[in-house]
Amino acid sequence: MPLFRIEDQLAQIAHALGVENAVQVVAFVLHHAGVEAVLHCGDVVAPSTLSVITPLGLPVHVIHGNNVGDMFMMARIASKPGNRITFYGQDAGIELAGRRIFLVHYPHYAKAMATTGDWDLVCCG
């Protein structure tokens, strides 16, 4: 089952590992919880998992984890016109709703980034 949490209308997901049925349940919960953006902190693995989140119409920010899966197909899905998925690679520094957010898969890397004080929120998978 993917790990997820909702905070301030941002949803953090990690470890989807290609489990589409579980991701469909998470997507349903996110949709009805009023989430405004999804932060995926790694281990998407199967690109088809992204297609489950896409119909929500939410911006989805994705990094890969230690289980990278088919990065070519994930990049291809993210580059489709009208798509709201952004695939960053190993990590990402983004700004949402005026908050500086850093995404990474590895907890030790996240802890180090959090200690810099440069980020309002550091998320890890």
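Helices, at least four residues long, and strands, at least two, are DSSP runs, numbered from the N terminus. In this predicted model, Ile53 belongs to helix 2, which covers residues 48-53.

## Overall layout

The protein has four helices and eight strands. Along the sequence they come in the order β-β-α-β-α-β-α-β-β-β-α-β. Of the 125 residues in the protein, 42% are buried. The exposed surface of the protein is about 6,300 Å², and carbon and sulfur atoms supply 56% of it. Among contacts with a separation of 6 or more, 55% are between residues 24 or more positions apart.

Ile53 gives one example of residues far apart in sequence. Ile53 and Ala27 are separated by 26 residues in sequence, and their C-alpha atoms are 5.9 Å apart in space. Is Ile53 buried or exposed? Ile53 has a relative accessible area of 3%, so Ile53 is buried.

## A nonpolar patch on the surface

Which residues form a nonpolar patch on the surface? The patch consists of Val25, Phe28 and Val29, and together these residues have about 270 Å² of accessible area. Val29 lies in helix 1, residues 20-32. Val29 counts as partly exposed because its relative accessibility is 32%.

## Two cysteines without a disulfide

A disulfide is a covalent bond between the sulfur atoms of two cysteines. How many disulfides does the structure hold? The structure holds zero. Cys41 is in no disulfide, and the nearest cysteine sulfur, that of Cys123, is 5.0 Å away. Likewise, Cys123 is in no disulfide, with the sulfur of Cys41 as the nearest cysteine sulfur. A disulfide needs the two sulfur atoms within 2.5 Å, and the sulfur of Cys123 is 5.0 Å from that of Cys41.

Cys41 has 0% relative accessibility and therefore counts as buried. Cys123 is also buried, with a relative accessible area of 2%.

## Polar contacts around His105 and Asp43

His105 lies in the loop between strand 7 (99-104) and helix 4. His105 is buried, as its relative accessible area is 4%. The side chain of His105 reaches the backbone oxygen of Cys41 at 2.8 Å. The side chain of His105 also makes a polar contact with the side chain of Asn66, at 2.8 Å.

Asp43 is placed in the loop between strand 3 (37-40) and helix 2. With 1% relative accessibility, Asp43 counts as buried. The side chain of Asp43 reaches the backbone nitrogen of Asn67 at 2.9 Å, and this side chain makes a polar contact with the side chain of His105 at 3.5 Å.

The table lists the polar contacts described for these residues, together with one made by Asp120.

| Side chain | Partner | Distance |
|---|---|---|
| His105 | Cys41, backbone oxygen | 2.8 Å |
| His105 | Asn66, side chain | 2.8 Å |
| Asp43 | Asn67, backbone nitrogen | 2.9 Å |
| Asp43 | His105, side chain | 3.5 Å |
| Asp120 | Arg100, backbone nitrogen | 2.8 Å |

## Asp120 and the salt bridge

Where is Asp120 placed? Asp120 is in the loop between helix 4 (107-114) and strand 8 (121-124). The relative accessible area of Asp120 is 40%, so Asp120 is partly exposed. Leaving aside neighbours within four places in sequence, Asp120 is in contact with Gly98, Arg99 and Arg100. The C-alpha atoms of Asp120 and Glu95 are 9.5 Å apart, although these residues are 25 residues apart along the chain.

How many salt bridges are there? The count comes to one salt bridge. The salt bridge is between the side chains of Arg100 and Asp120, with an N to O distance of 3.3 Å. The pair links distant parts of the chain, since Arg100 is in strand 7 and Asp120 is in the loop between helix 4 and strand 8, 20 residues apart. Arg100 counts as partly exposed because its relative accessibility is 36%.

Asp120 also meets the backbone of Arg100: a polar atom of the Asp120 side chain lies 2.8 Å from the backbone nitrogen of Arg100. The Asp120 side chain is thus paired with the Arg100 side chain in a salt bridge and with the Arg100 backbone nitrogen at 2.8 Å.

Notes: Residues numbered from 1 in each chain as written. Predicted model: local features only at pLDDT ≥ 70, side-chain atom pairs only at ≥ 80, totals over all residues. Heavy atoms only, no water. Patch = residues over 30% accessible without salt bridge, like charges linked within 9 Å, V, L, I, M, F, W, Y side chains within 5 Å. Areas by Shrake-Rupley, 256 points an atom, 1.4 Å probe, with all protein chains shown as cover. Salt bridge = Lys/Arg side-chain N within 4 Å of Asp/Glu carboxyl O. Buried < 20%, exposed > 50% of the residue type's maximum accessible area, 1.4 Å probe, protein only. Contact = heavy atoms within 4.5 Å. Polar contact = N/O pair within 3.5 Å; in protein donor to acceptor, adjacent residues only side chain to side chain.
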